[in-house]
Amino acid sequence: MLLFLSTIAVPSISRVNLLAKPSFFTTLRRFQLPHKYSTRSVSCVHNRTSKRDGDVVVLGIETSCDDTAAAVVRSDGQILSQVVSSQADLLVKYGGVAPKMAEEAHSQVIDQVVQEALDEAYMTEKDLTAVAVTIGPGLSLCLRVGVQKARRIAGGFNLPIIGIHHMEAHALVARVIEKDLQFPFMALLISGGHNLLILARDLGQYIQLGTTIDDAIGEAYDKTAKWLGLDMSRSGGPALEELAREGDAKSVSFSIPMKQHKDCNFSYAGLKTQVRLAIESKKIDAKIPISSASYEDRLSRADIAASFQRIAVLHLEERCERAIDWAMKMEPSIKYLVVSGGVASNQYVRARLDTVVKKNGLQLVCPPPRLCTDNGVMVAWTGIEHFRVGRYDPPPPAEEPEGFVYDLRPRWPLGEEHVEGRSEARSLRTARIHPSLTSLIQASMQQ
Ligand code: KG4
Ligand code: ZN
């Protein structure tokens, strides 16, 4: 179910990343589980693929950005509950995510969201096998709310806890939907803060084929929607997609980003500037909402929306074509490209990428929109996948000491960069802060 929060006044700050504090989930560790878990865990290590029998039940908690989400999922892929509390009203008011405000909003609803997830699943904490929670990447202030809640539950009920990478969760949730989706596969993860092309070789083993050197596509959708005076209550993307259907996609000529860079990286900052200039030259006033615009005004906004969308998605198409080439050289058995993250709920994006994928003899897997945008199911499911191979932390203490420093990873790469994927155009914003998930897992396997 969806909850909506009331608005609180603070200045708007757009998406930022904050530095990680020293960590508790420093590495993904293996440890001897208490008796009630041990047989499940051991058998899963030996026979991972067949273990979809539903004997593991995980609560997933997600608070990395502006949605407070929780879900209960079973290891046979059954989604027992899913609750999302959206901060849409804050987005409308401030035109972006304000970390302090978002933190406050998460804190206000986290208990209720988790309780509803348990109630909807007809469960109590005692019925859970483990708790999974997003520990990065994302906003520190926001991540902390989810991690604190997860650790309280895990500590109070003696449950193992699994720290989850938000982008891995966006990719792996596709395995709930498509049971035949085996490793290796490719994934394009497109959201408000990320634009990532990966080769998933195995669980926790990812090669980063491309990333954004500045903005993500969702950010470009959101800003374009805002400048066009669209209704931001469901975030900018859906409103822009809708308006674009009324426009002529070839009417305004925008150039495709990074044409000269023969890699798989992305850039949307330049396209945003092109859109802003087009909006200014057509004298579109964002203060006049689209609902009150004249017929001509509406048409000219629709033309910009459609033209923007065409180029924004062409950029994805071009990068995917090249990434498929690269990935097939490394793993010729690949059959699927997963497209996930909030922007993957866009029908135009899906249709265009479907063509690219089919042309290359692959199949597209797109989770349904409610599993593309941020949700607790993806966190719970990724928790299940790691739990089944013995990657989790022991239950935290029932009472955590005052001033306890949580392991939060605001900047946390998913995988190692592909050699050909390094961009000369890369900006400092992509500087690594935390060792990648893949390198941590590799290190833990060598111990
Ligand atoms: O994955 P997500 O829920 O949160 C992040 O991790 O960022 O993605 C949110 C982003 C927003 O930028 C939103 O505008 C975009 O996904 N989005 C869409 C659509 N639905 C959501 N963009 C384009 N078309 C859509 N239909
Ligand atoms: Zn996301």
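**Entry 1: terms and Tyr122**

I began with a definition: helices (at least four residues) and strands (at least two) are DSSP runs, numbered from the N terminus. The model I am reading is a predicted one. With those labels in hand, I looked up Tyr122 and placed it in the loop between H3 and E5. I noted that its phi is near 55°, a positive value in a residue other than glycine. Is Tyr122 buried or exposed? I recorded it as exposed, because Tyr122 has 10 C-beta neighbours inside 10 Å.

**Entry 2: Met258**

I then turned to Met258, where phi is also positive, near 55°, although the residue is not glycine. I found Met258 in the loop between H8 and helix H9, which spans 269-281. I entered Met258 as buried, because 21 C-beta neighbours lie inside 10 Å.

**Entry 3: the chain overall**

I read off 14 helices and 12 strands for the protein chain. Of its 447 residues, 53% are buried. I also checked contacts between residues at least 6 apart in sequence, and 78% of these join residues at least 24 apart.

**Entry 4: ligand 1**

How many residues surround ligand 1? I recorded 19, the closest being Gly192, Gly218, Gly237, Gly342 and Asn346. By class, I listed 4 nonpolar, 12 polar and 3 charged residues in this shell. Helix H7 (217-227) and helix H8 (236-244) each contribute at least two residues to the shell. I noted H8 as the source of the largest share, with 4 residues.

**Entry 5: H8 against H10**

I followed H8 from the ligand to its contact with H10. The axes of H8 and H10 are 8 Å apart, and the packing angle is about 110°. I therefore entered H8 and H10 as roughly perpendicular to each other. On the H8 side I found Leu240, Leu243 and Ala244, which meet Arg301, Ala302, Ala305, Ala306 and Gln309 in H10. I sorted the residues of this contact into 6 nonpolar, 1 polar and 1 charged.

**Entry 6: H10 against H11**

I next examined helix H10 (residues 295-330) with helix H11 (residues 347-359), whose axes are 10 Å apart at an angle of about 30°. Why did I call H10 and H11 roughly parallel? The cut-off settles the matter, because angles under 35 degrees count as roughly parallel, and the angle of H10 with H11 is about 30°. I noted their crossing as right-handed. H10 makes the contact with Gln309, Val313, Leu316, Glu317, Cys320 and Glu321, and H11 with Tyr348, Val349, Arg352, Leu353 and Val356. I counted 7 nonpolar, 1 polar and 3 charged residues in the contact of H10 with H11. Gln309 of H10 appears here and also in the contact with H8.

**Entry 7: H3 against H4**

I found that the axes of helix H3 (residues 99-120) and helix H4 (residues 140-156) come within 8 Å and cross at roughly 20°. That angle makes H3 roughly parallel to H4. I recorded the crossing of H3 and H4 as right-handed. Among the residues in contact, I listed His106, Ile110 and Val114 of H3 and Leu141, Val145 and Lys149 of H4. This contact has 7 nonpolar, 3 polar and 3 charged residues.

**Entry 8: cis peptide bonds**

Lastly, I looked up two cis peptide bonds. The bond from Gly136 to Pro137 is cis, with omega near -15°, and I placed Pro137 in the loop between strand E5 (130-136) and H4. The bond from Phe183 to Pro184 is cis as well, with omega near -5°. I located Pro184 in the loop between helix H6 (174-177) and strand E7 (185-190).

How values were computed. Residues are numbered from 1 along each chain as its sequence is written. Chains are lettered from A and ligands numbered from 1 in the order in which they are written. This is a predicted model: local features need pLDDT of at least 70, side-chain atom pairs count only at pLDDT 80 or more; totals for chains, interfaces and linings use all residues. A residue is buried if 20 or more other C-beta atoms lie within 10 Å of its own, exposed if 12 or fewer, and partly exposed in between; C-beta atoms are placed from the backbone. Two residues are in contact if their C-beta atoms, placed from the backbone, lie within 7 Å. A residue is near a molecule or strand if its C-beta atom, placed from the backbone, lies within 6 Å of it. Ala, Val, Leu, Ile, Met, Phe, Trp, Tyr, Cys and Pro count as nonpolar, Asp, Glu, Lys and Arg as charged, and the others, Gly among them, as polar. Axes are lines fitted to C-alpha atoms, for helices over the stretch in contact, and angles run from 0 to 180 degrees between N-to-C directions. Angles under 35 degrees count as roughly parallel, over 145 as roughly antiparallel, 65 to 115 as roughly perpendicular and the rest as oblique. A crossing is left-handed if the near helix is turned anticlockwise from the far one by less than a right angle, and right-handed if clockwise.
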